[in-house]
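Me: I'm new to this one, and I'd like to know what the words people use for it rest on. Can we go through it together?

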Amino acid sequence: MQVINPANGAIVTEILSDNAEQVREKIEKLRKGQPAWFELSVEERLAILLKFGKLVEANLDELAVILTQETGKPLQQSINEIRGANNRLVHLEANALKWLASEDMVTEGATKERIAYEPLGVVANISAWNFPYNVGYNVFLYALVAGNSVIYKPSEFASLTGMKFRELLWRAGVPENVFECIFGTGEVGQLLLEADLDGYFFTGSYNTGKYIATQVAPKLVPVQLELGGKDPLYIMDDVFDVKQAAINAAEGAFYNNGQSCCAVERIYVHESVYDEFVNYFVEEVKSYKVGDPMNKTTFIGPLTRQPQVGILEEQVQDALLKGAELKCGGYSLDREGYYFAPTVLSAVNHQMEVMKEESFGPIIGIQKVANDEEALSLMKDTTYGLTAAVFSANKGRALDLLDQLSVGTVYWNCCDRVSPNVPWSGRKNSGLGSTLSYQGIRAFVQPKAYHLRD
Ligand code: NAD
């Protein structure tokens, strides 16, 4: 399998995809290794994972270059991601022991009752390329600390990063029969669905996630899906500072080239501040430095996957045919690599693909609304349910609206944000189950109830 640099289309390296026999052998090895891993104490497992975190820190520069080479993520954003993902370890260090400890529920009387948390066993972590550290850590670190062994399948667009995870986890002391990787495209991932695993934890697109859930359903093991979104942001008329709101909203839409699961994907603006907001927003987007992702000052690099360039072109054409106004961008750049100019469309509506389908690129539609009711009804008009944001000076008014949305995460005066303190989950076509917080660790254990009579 070729690893392609999206910034210039060059082959970075070639790696071997796993075949069915190798996948089978790796799973067998993990099955053998898991019980001894669980026999270690939580503290011992945690100490090894914290060492992994230190190794990542020590190799930050090299790891960031690898991530940028294979995904096109601007170097500074690769560094930010790798550093930021470490907050999962900080959080686990503070909480894992408490979350995994047995709980005595009834301690008086003849029959005592207790809950113990046991690992699932061998779990699959089928992952995405857009934030491989964040979404990888959310699964494999939490699964490992809970005593599972993990078969990790990096996205075919982040294989080299996956190899580094394996190398550094092994170096930190995770046994080779407790964490393994398989490499390849979806066909290799498919081999995991045919295997006999104890849990499937998937991050990726709705279509693949739905397929995996249906394939795995007869096994009656936990399946968790972190899928895409079409996340709305609404600017109310009373917003503190229109310019600052525009700057923050633009960053939420364009960070990581718009390739974030919780990127702002559509914006609604109250008519009284609409023109002002659009002007500031376009000014901000025009100021973004587009170019070589290896340059630390670049904010917009290439898209990771070439076909996405065509999808964005189609969304622009569709919007323009239906009456949108192109404020900037709208075209792929005439240079090597998979570049698309940062694009802002105004005067959009829900007849247009750009307001309905996940764009996953540097493009945004901004729609004018007359009042909160109209904004709410448009925000609800989606099959997804990942996040939603409202910018307003009035917390009560913002929360009144956010409380009415069926999404896993809501933001007031912020957006495009994930924290290990609170669960990360999608509703409807954005997924099933949670990672992060205590909910995210309980995903990797099964409870056992003890009824103990003296
Ligand atoms: P994708 O669905 O194309 O691929 C995800 C993974 O599934 C890859 O490793 C791929 O090889 C594997 N795969 C594909 N077909 C398979 C099959 N039949 N069996 C087993 N595995 C298979 O998604 P992607 O392009 O890597 O990721 C982008 C998507 O992920 C976007 O929709 C984004 O919103 C979503 N995402 C969601 C979150 C979240 O937390 N909700 C986080 C990051 C990304």
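Reply: Sure, let's start with the domains. About 2300 Å² is buried between domain 1 and domain 2, with carbon and sulfur atoms giving 61% of that area. This is a predicted model, where local features need pLDDT of at least 70 and side-chain atom pairs count only at pLDDT 80 or more, while totals for chains, interfaces and linings use all residues. Residues are numbered from 1 along each chain as its sequence is written, and side-chain values use heavy atoms, with hydrogens and water left out.

Me: What makes that area "buried"?

Reply: Buried area is the accessible area (1.4 Å probe) that two parts lose on being put together, summed over both. Of what domain 1 buries against domain 2, Q77, W129 and S430 supply 25%, more than any other three residues.

Me: Which residues belong to domain 1 and which to domain 2?

Reply: Domain 1 takes in 2-227 + 430-453, and domain 2 covers 231-419. Those bounds come from an automatic or database domain assignment. Taken over C-alpha atoms, the two centres are 31 Å apart.

Me: How many residues of each domain are in contact?

Reply: Contact means heavy atoms within 4.5 Å, and 27 residues of domain 1 are in contact with 26 residues of domain 2.

Me: Now the helices. Why are α4 and α5 called roughly parallel?

Reply: Helix α4 (residues 75-85) and helix α5 (residues 87-100) pack at about 5 degrees, with axes 4 Å apart. Angles under 35 degrees count as roughly parallel, over 145 as roughly antiparallel, 65 to 115 as roughly perpendicular and the rest as oblique, so α4 and α5 are roughly parallel. R83, G84 and A85 of α4 meet N87, R88 and L89 of α5.

Me: And why are α1 and α8 oblique?

Reply: The axes of helix α1 (residues 20-39) and helix α8 (residues 186-194) come within 10 Å and cross at roughly 45 degrees. That angle falls in none of the named ranges, so α1 and α8 are oblique to each other. A20, V23 and I27 of α1 touch V188, L191 and L192 of α8.

Me: What makes residues in that contact nonpolar, polar or charged?

Reply: Ala, Val, Leu, Ile, Met, Phe, Trp, Tyr, Cys and Pro count as nonpolar, Asp, Glu, Lys and Arg as charged, and the others, Gly among them, as polar. The contact of α1 with α8 has 6 nonpolar, no polar and no charged residues, whereas that of α4 with α5 has 2 nonpolar, 2 polar and 2 charged.

Notes. Axes fitted to C-alpha atoms, helices over the stretch in contact; angles between N-to-C directions. Helix = DSSP H or I, 4+ residues; strand = E, 2+ residues; numbered from the N terminus.
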